[in-house]
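The following exercises concern the contact between two chains and the sheets that they build. Each task is followed by a solution in steps.

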2 protein chains.
Amino acid sequence: MKDTNRTVNEKILEQLNWRYAVKKFDATKKISVADWDTLEHSLILAPSSYGLQPYKFIVVTDENLKKELTPAAYGQTQIADCSHLVVVAYKKVLTDADVEHFVARIVEVRNTPRESMKDYENTMKATAKKNINEGTIETWNSRQAYLALGFLLETAALLGIDACPMEGFNPAEFNRILGLDEYSAVALCAIGYRDAKNDWMANLPKVRFLKEELIDRR
Amino acid sequence: MKDTNRTVNEKILEQLNWRYAVKKFDATKKISVADWDTLEHSLILAPSSYGLQPYKFIVVTDENLKKELTPAAYGQTQIADCSHLVVVAYKKVLTDADVEHFVARIVEVRNTPRESMKDYENTMKATAKKNINEGTIETWNSRQAYLALGFLLETAALLGIDACPMEGFNPAEFNRILGLDEYSAVALCAIGYRDAKNDWMANLPKVRFLKEELIDRR
């Protein structure tokens, strides 16, 4: 593994250091179909608790819709200037029907006998109910969505594609404009290509705490 | 971009399809120092809201400690059998002192004049207070930790290293055993190498909803 991974290690670290939260995109550059497919599949392939995938990703490329959304993100220019705007939305509840829909998908993909899934199904339903009763269902589901956002951001970096994850927006307004009801917008990710000449952030060194502060080895 | 990225696209999709939540690790296989360094730096380089990094990652390799933690993860064998156990912990509060510590780090890394940071500092302090007052500080901070967990998982997959993200454990017990106080354990990630022969999950097809269900193009 060591030898095979040497260049992969270097490439990953190079790209994770290269990325930054872009303030100014080059509005003339668009992501290719092949690259976008990989980005989309990174969201789809991200793991989630029990595999329940309690989220949805709204991908906005329509220029008029991007303009309409801009005021709800406090006028930040990344919304209109990026190539693809991903609105990360989590499911506000998890019903028995949601669990059954997922179980049906397992049965379909794996050709598993439906009845062999009963224990797993009951566990998932009980966990969903526990989270609903304790008022933590939105926290639980939105955390899963952030993990998927991590996959999107890392894949973008590896492809040399720029991104800006954003929490500075009005979720209620985004939900209204996009017609979201069962889901709620929780984060945005503008994706495209940096306008390095006009982005004062582009060449600043990355700020992270010391390794010793973030990593505690036992 | 299209031509340059063609093989990168294929490699990423291949590895994200290759990964799965390992149920049975090969306890004899350990992650190399070089690979571990890349995994650790993926956590460190992950972006977070304002850059505040409200989390800590406890990396457990001590076999006795892994055994001690196992009952608090309901006896799941991944804890003891993996090479490195990462305990993802988020900060339970964000104080003015935390923000000031971060601002001091920006000043240090970027050689920015301290006084030019005042507006940004005040915005961060106000956002932290708003989250504390609204009871959402733990949700906010833990979401950032999940994004970093996403980076860890994708990097592992790219390196051909196995992982199992886990929420099935008792956070209070983990906090007690690890002596966590300002931070709280929110997810585990066992990392190592799959025991493919003894893991019934190893060869099952991945279950994901249809692309049309997860991705909503506008």
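## Exercises on strands, sheets and helices

**Exercise 1.** Identify the bridge partner of Arg217(A) in β1(B), and describe how β5(A) is joined to that strand.

*Solution.* Step 1: the partner of Arg217(A) in β1(B) is Val59(B). Step 2: β5(A) and β1(B), which covers residues 55–60 of chain B, are joined by 3 bridges. Step 3: these two strands run parallel. The model under study is a predicted one.

**Exercise 2.** Determine the strand order of the sheet that contains β5(A) and β1(B), and find the strands at its edges.

*Solution.* Step 1: the sheet is open and has 5 strands, in the order β5(A)-β1(B)-β2(B)-β4(B)-β3(B). Step 2: the pairing in this sheet is mixed. Step 3: β5(A) and β3(B) (162–166) each have a single partner strand, so each has one side without a neighbour in the sheet, and these two strands stand at the edges. Step 4: on average, neighbouring strands of this sheet are turned by 25° against each other, direction ignored.

Step 5: within the sheet, β1(B) pairs with β2(B) (residues 84–91) in the antiparallel sense, over 6 bridges. In this part of the sheet, Phe57(B) stands opposite Val88(B) of β2(B). Step 6: a helix, α8(B) (residues 171–178), lies across β1, β2 and β4 of chain B. The angle between α8(B) and β4(B) (183–192) is about 85°.

**Exercise 3.** State which strand of chain B belongs to the sheet that contains β1(A), and where in the order that strand stands.

*Solution.* Step 1: the order of this open sheet of 5 strands is β3(A)-β4(A)-β2(A)-β1(A)-β5(B), with mixed pairing. The strand from chain B is therefore β5(B), and it stands at an edge, as does β3(A) (162–166), because each has a single partner strand. Step 2: the twist from one strand to the next averages 25°. Step 3: β1(A) and β2(A) (residues 84–91) pair in the antiparallel sense over 6 bridges. One residue pair here is Val60(A) with its bridge partner Leu85(A) in β2(A).

**Exercise 4.** Describe the side of chain A that touches chain B: how many residues are in contact, and which element gives the largest share?

*Solution.* Step 1: 64 residues of chain A are in contact with 65 residues of chain B. Step 2: among the elements that give two or more residues to this side of chain A are α1 (2–18), α2 (33–45), β1 (55–60) and β5 (215–217). Step 3: the largest share, 13 residues, comes from α7(A). Step 4: by class, this side of chain A holds 34 nonpolar, 14 polar and 16 charged residues.

**Exercise 5.** Decide whether α5(A) and α6(A) are roughly parallel or roughly antiparallel, and name the residues that form their contact.

*Solution.* Step 1: the axes of α5(A) and α6(A) (residues 118–133) come within 10 Å and cross at roughly 150°. Step 2: angles over 145 degrees count as roughly antiparallel, so α5(A) is roughly antiparallel to α6(A). Step 3: the crossing of these two helices is right-handed. Step 4: α5(A) contributes Asp96(A), Val99(A) and Val103(A) to the contact, and α6(A) contributes Glu121(A), Met124(A), Lys125(A) and Ala128(A). Step 5: this contact has 4 nonpolar, no polar and 3 charged residues.

**Exercise 6.** State what confidence scores accompany the model and chain A.

*Solution.* Step 1: the model scores ipTM 0.96 and pTM 0.96. Step 2: the average pLDDT of chain A is 96, and 98% of the residues score at least 70.

Notes:
Residues numbered from 1 in each chain as written. Chains lettered and ligands numbered in written order. Predicted model: local features only at pLDDT ≥ 70, side-chain atom pairs only at ≥ 80, totals over all residues. Contact = placed C-beta atoms within 7 Å. Helix = DSSP H or I, 4+ residues; strand = E, 2+ residues; numbered from the N terminus. Nonpolar A, V, L, I, M, F, W, Y, C, P; charged D, E, K, R; others polar. Pairing = 2+ DSSP bridges. Axes fitted to C-alpha atoms, helices over the stretch in contact; angles between N-to-C directions. Parallel < 35°, antiparallel > 145°, perpendicular 65-115°, else oblique. Left-handed = near helix turned anticlockwise from the far one by under 90°. pLDDT = per-residue confidence, 0-100.
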